[in-house]
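Trainee: Could you take me through one part of this model in detail? I would like to look closely at the nonpolar patch on the surface and the residues in it.

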Amino acid sequence: MWLNIIGSSIALVGTCIALDARRLVKKYFNFGEENNASMGLKIVGLIIIFIGGLILLAAN
């Protein structure tokens, strides 16, 4: 039960990072290459989503 909650929470955080990447880059990172930074943040969010999904699969 707890692994389901933890995995879902991690996947939710990764989804929020991936979907709001450009907004997060504008707010927290202040440098010129906004496109590259947002692409990198989307990739990080996708990796976090995969980790959350693996935890959900391991819980079942």
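Mentor: Happy to; here is the patch, followed by the chain around it. This is a predicted model, in which local features need pLDDT of at least 70 and side-chain atom pairs count only at pLDDT 80 or more, while totals for chains, interfaces and linings use all residues. Residues are numbered from 1 along each chain as its sequence is written, and side-chain values use heavy atoms, with hydrogens and water left out.

M1, W2, L3, I5 and I6 make up the nonpolar patch, and together they have about 590 Å² of accessible area. (Accessible areas come from the Shrake-Rupley method with a 1.4 Å probe; for residues, only the protein chains shown count as cover.) Patch members have over 30% relative accessible area and no salt bridge, and nonpolar side chains (Val, Leu, Ile, Met, Phe, Trp, Tyr) are joined within 5 Å. A salt bridge would put a side-chain nitrogen of Lys or Arg within 4 Å of a carboxyl oxygen of Asp or Glu.

W2 is in helix α1, and W2 counts as exposed because its relative accessibility is 64%. I6 belongs to helix α1 too, but at 40% I6 counts as partly exposed. The cut-offs are under 20% for buried, over 50% for exposed and in between for partly exposed (1.4 Å probe, protein chains only). From I6 to V44 the C-alpha distance is 18 Å, with their positions 38 residues apart in sequence.

Across the chain, buried residues account for 20% of the 60 residues, and carbon and sulfur atoms supply 69% of the roughly 4500 Å² exposed.

Methods
Helix = DSSP H or I, 4+ residues; strand = E, 2+ residues; numbered from the N terminus. Patch = residues over 30% accessible without salt bridge, like charges linked within 9 Å, V, L, I, M, F, W, Y side chains within 5 Å.
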